[in-house]
Protein chains: 2
Amino acid sequence: MEKLYGNAVVGQSGGPTAAINATLSGVIRGALAAAEKGVIGKVYGMRNGIEGLCEERLVDLGRIFNSEQHFTDLEHTPAAALGSCRKKLPDPNENPLSFEFIVDIFKKYDIRYFFYIGGNDSMDTVQKLSEYTKSVGYEMRVMGVPKTIDNDLWGTDHTPGFGSAAKYIATSVKEIICDCAVYTTKAVTITEIMGRDAGWLTAAAALPRLSGGIGPDYVYLPEREFDMNSFFSDIRTALKAHPNVVIAVSEGVRFADGRYVSENGKVDAFGHKQLSGTGTVLAEALRDEVGCKTRAVEFNTSQRCAAHIASATDIRESVAVGKKAVEFALRGVSGHVMIFIRSKVGYKITIDSVPVEEVANKVRSVPDEFITPSGNNVTEKCLDYLRPLIEGEVKFRHEAGLPVHFKI
Amino acid sequence: MEKLYGNAVVGQSGGPTAAINATLSGVIRGALAAAEKGVIGKVYGMRNGIEGLCEERLVDLGRIFNSEQHFTDLEHTPAAALGSCRKKLPDPNENPLSFEFIVDIFKKYDIRYFFYIGGNDSMDTVQKLSEYTKSVGYEMRVMGVPKTIDNDLWGTDHTPGFGSAAKYIATSVKEIICDCAVYTTKAVTITEIMGRDAGWLTAAAALPRLSGGIGPDYVYLPEREFDMNSFFSDIRTALKAHPNVVIAVSEGVRFADGRYVSENGKVDAFGHKQLSGTGTVLAEALRDEVGCKTRAVEFNTSQRCAAHIASATDIRESVAVGKKAVEFALRGVSGHVMIFIRSKVGYKITIDSVPVEEVANKVRSVPDEFITPSGNNVTEKCLDYLRPLIEGEVKFRHEAGLPVHFKI
């Protein structure tokens with residue numbers, strides 16, 4: 001493969017995670033090292049992803065990052081330090097104008113390397129840009145680096161960002177189980193967890209079982225139909241065994257007819273449809289039916305930004321996959337997405353890449369072997385898969401008792 | 001003061017915190033050391049506070065705690081390892097039977113030292129037990145050790161447990177501010193924080209200002225009347241300055257007429273009064289009035305049990321105050337509550353005690369000098385007060401990537 005000299009640009013897209021900045025750090029580390037060797041030119045960051053690129057909101061990252069401290073601070077900063085966007089590019093065959101526009105910007109800034117860190121929609125952008133630039137003969141290397149707390153990307157053992165979200169959830173559930181155990185009166189606590197289509201994060205709520213032996217009584221994933229009567233029956237069984245029942249439920253569970261449990265069918269005094277959280281709907285139904293004290297705990301935004309309890313494994317891998325994307329691009333790879341491959345025995349991760357079309361717009365669900373036959377819990381095999389992803393504690397700087405975050 | 005030989009009992013009461021077990025550890029450390037010297041006899045733990053004492057559910061703690069590891073694990077375990085209760089003792093003048101019953105148990109187990117770790121209601125128990133035992137001539141030492149995340153106990157600079165809850169809130173708010181900053185579209189995020197009557201925890205949401213300079217735009221405490229029009233005006237002003245507005249609001253804010261903001265006045269299709277969180281009510285009102293994207297984030301149970309992000313200062317002081325309570329009791333103090341006194345300059349804490357009647361059933365609000373004249377923020381002085389309470393990071397053991405908790 002012939003060497004390609006030019007500038008590089010990196011961007012972040014989609015919902016934030018606790019590890020997307022670690023991947024950004026990896027890309028910047030790799031690209032600046034290459035720039036130092038004279039293999040590439042400048043390293044730009046696009047503000048707010050492809051949206052900022054179109055508005056030429058570019059920052060020269062080589063002028064910002066000039067000490068190891070900058071990188072390590074960035075690696076422990078949640079969300080997207082360059083800003084993010086939800087812009088989806090049109091079909092280049094139907095609307096080539098946007099693409100001509102973008103290629104003009106590439107030419108203006110002599111950009112030959114494009115790194116995009118994001119989820120499914122971002123991989124779609126990578127695919128379209130890669131195909132379009134090839135079709136018009138503009139030589140460049142377009143690389144996608146995945147991130148999503150949902151772990152639902154096809155083709156990779158797991159996604160950067162998932163391990164940290166899983167660690168936050170497992171830790172919080174473990175603490176809440178302690179909290180629930182203090183009283184002797186019967187009570188059910190329902191923890192509601194993110195993941196509309198895939199139950200990976202909800203499955204992580206069961207991890208405390210490997211640490212002290214106590215986990216939630218039941219775990220309900222969106223991969224299985226939710227049945228209200230079976231749910232009541234589960235809870236009655238659990239309450240016979242002990243007074244403090246804790247369950248984990250995905251926000252995305254649905255009934256057999258496809259309706260989300262969160263569509264509770266109620267309307268307010270003005271006839272507006274009421275939207276409640278899944279946990280709240282279940283807590284209310286349970287109070288009416290079983291008559292015990294219930295409580296819904298919704299794990300909110302912190303699921304995707306609790307960098308203070310990030311998984312050291314996740315952060316390390318997220319940096320590594322960013323660096324590797326640069327390495328691959330320099331070797332001539334383009335139109336690819338980076339993936340993790342897990343060793344058959346133990347936990348050893350190899351980083352590789354696959355053509356983006358093999359990955360984009362597919363959802364990876366929790367497989368059958370990870371869910372118990374009864375459909376209301378996860379298996380040992382599932383916990384074995386999850387465990388290494390949350391191992392290790394991050395170390396970061398503090399100021400006034402709070403984590404130091406890096407601002408670009 | 002004459003020496004008093006006998007057994008000791010310790011219990012926990014009221015809502016859990018991340019530090020109440022640290023205080024329990026301090027009491028057990030102090031009492032077992034005294035037992036070793038032959039100054040006192042056995043050290044019992046009462047299960048579920050005074051409720052378990054009445055049912056003679058006592059555990060011999062000397063048989064459980066036999067290594068330093070046990071103590072340090074307990075100090076990093078959230079909630080109440082002995083279990084808790086919400087039982088309030090009656091007035092001994094009106095109903096002396098309960099007290100006779102309890103004194104009979106004291107006699108049966110030769111209990112002469114009673115340590116009760118709890119909030120306002122627990123201090124009421126301490127006061128009544130102290131007065132009653134004195135009145136019937138049963139010599140014993142009754143000591144209260146405060147705990148509450150709410151920081152609203154009278155007579156002490158701050159309460160054990162508050163610093164850890166404040167650190168969790170400040171850290172989470174800081175991370176959420178990062179999360180909110182990634183998009184360019186106008187949006188308001190409302191974080192709802194515990195504290196029905198006192199705004200201490202909500203004030204802690206402003207601490208990120210000391211660490212990077214960015215905090216929530218406004219902070220609404222229950223110490224000030226909440227006015228919806230001023231609120232809309234505040235938000236409009238903030239949205240002119242930057243697109244991503246984050247505010248912190250206490251769950252306990254009320255309108256001028258005394259109604260809680262969370263009483264939104266809506267009824268559902270069945271005529272039932274709708275109960276929403278304060279954050280949700282404000283998010284909906286704002287959406288209707290200002291028309292921007294809004295989001296409510298309720299910090300849930302984790303506020304009182306997120307031991308993984310506890311304040312090292314809080315945990316250290318919580319252990320120390322437990323030990324000191326034993327020391328004071330051995331010196332003859334009884335019917336007292338332990339307190340923290342802060343040095344005039346810098347941050348140095350002296351532990352002392354005051355008669356329980358000076359403290360019980362009073363609420364300490366955030367003082368005027370800690371709230372800006374506009375009533376929608378906190379002052380530098382407030383942050384100066386809060387800062388040392390969240391300093392320092394706890395170190396604890398992990399298993400399978402999760403904190404190890406101690407189970408009694």
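## Two copies and their helix pairs

Helix α1(A) crosses helix α11(A) in a right-handed way, a crossing being right-handed if the near helix is turned clockwise from the far one by less than a right angle, and left-handed if anticlockwise. All of this comes from a predicted model, where local features need pLDDT of at least 70 and side-chain atom pairs count only at pLDDT 80 or more, while totals for chains, interfaces and linings use all residues. Residues are numbered from 1 along each chain as its sequence is written, and chains are lettered from A and ligands numbered from 1 in the order in which they are written.

**The helix pair in each chain**

In chain A, α1 spans residues 20-36 and α11 spans residues 312-330, and the two pack at about 40° with axes 7 Å apart. Helices here are DSSP runs of H or I of at least four residues, strands are E runs of at least two, and both are numbered from the N terminus. Axes are lines fitted to C-alpha atoms, for helices over the stretch in contact, with angles from 0 to 180 degrees between N-to-C directions.

Who does the touching? From α1(A) come residues including Ala22(A), Leu24(A), Gly26(A), Arg29(A) and Ala34(A), and they meet a set in α11(A) that includes Ile315(A), Val319(A), Gly322(A), Lys323(A) and Leu330(A). Contact means C-beta atoms, placed from the backbone, within 7 Å. Sorted by class, this contact holds 12 nonpolar, 6 polar and 3 charged residues. Nonpolar covers Ala, Val, Leu, Ile, Met, Phe, Trp, Tyr, Cys and Pro; charged covers Asp, Glu, Lys and Arg; the others, Gly among them, are polar.

Over in chain B, α1 (residues 20-36) and α11 (residues 312-330) also sit at an angle of about 40°, their axes 7 Å apart. Their crossing is right-handed, and the contact divides into 12 nonpolar, 6 polar and 3 charged residues.

**How the chains meet**

Chain A lands on chain B with an RMSD of 0.0 Å after a turn of 180° and a shift of 0.0 Å along the axis. The copies are thus related as by a two-fold rotation axis. That fit is by least squares on C-alpha atoms of residues with pLDDT of at least 70 in both copies.

At the contact, chain A puts in 56 residues and chain B 55 residues. On the chain A side, α6(A) gives the most, with 9 residues. That side has 25 nonpolar, 19 polar and 12 charged residues. Also, 98% of chain A's interface residues are interface residues in chain B too, so the copies meet through the same surface.

**Inside the core**

The largest nonpolar core has 247 residues, and among those with the most contacts inside it are Phe115(A), Ile169(A) and Ala203(A). Such a core joins buried Ala, Val, Leu, Ile, Met, Phe, Trp, Tyr and Cys residues through C-beta atoms within 7 Å.

Now for Phe370(B), in the loop between β11 (349-355) and α12 (380-386) of chain B. Phe370(B) is buried, with 21 other C-beta atoms within 10 Å; 20 or more means buried, 12 or fewer exposed, and in between partly exposed. Beyond four places in sequence, Phe370(B) touches residues including Ala203(B), Val378(B) and Tyr385(B).

**Two unusual backbone spots**

Most residues other than glycine have a negative phi. Here are two with a positive one.

| Residue | Phi | Loop in chain A | Other C-beta atoms within 10 Å |
|---|---|---|---|
| Asp110(A) | about 50° | between α4 (96-108) and β4 (111-118) | 11, exposed |
| Asn151(A) | about 60° | between β5 (141-146) and α6 | 27, buried |

Note on methods
Two residues are in contact if their C-beta atoms, placed from the backbone, lie within 7 Å.
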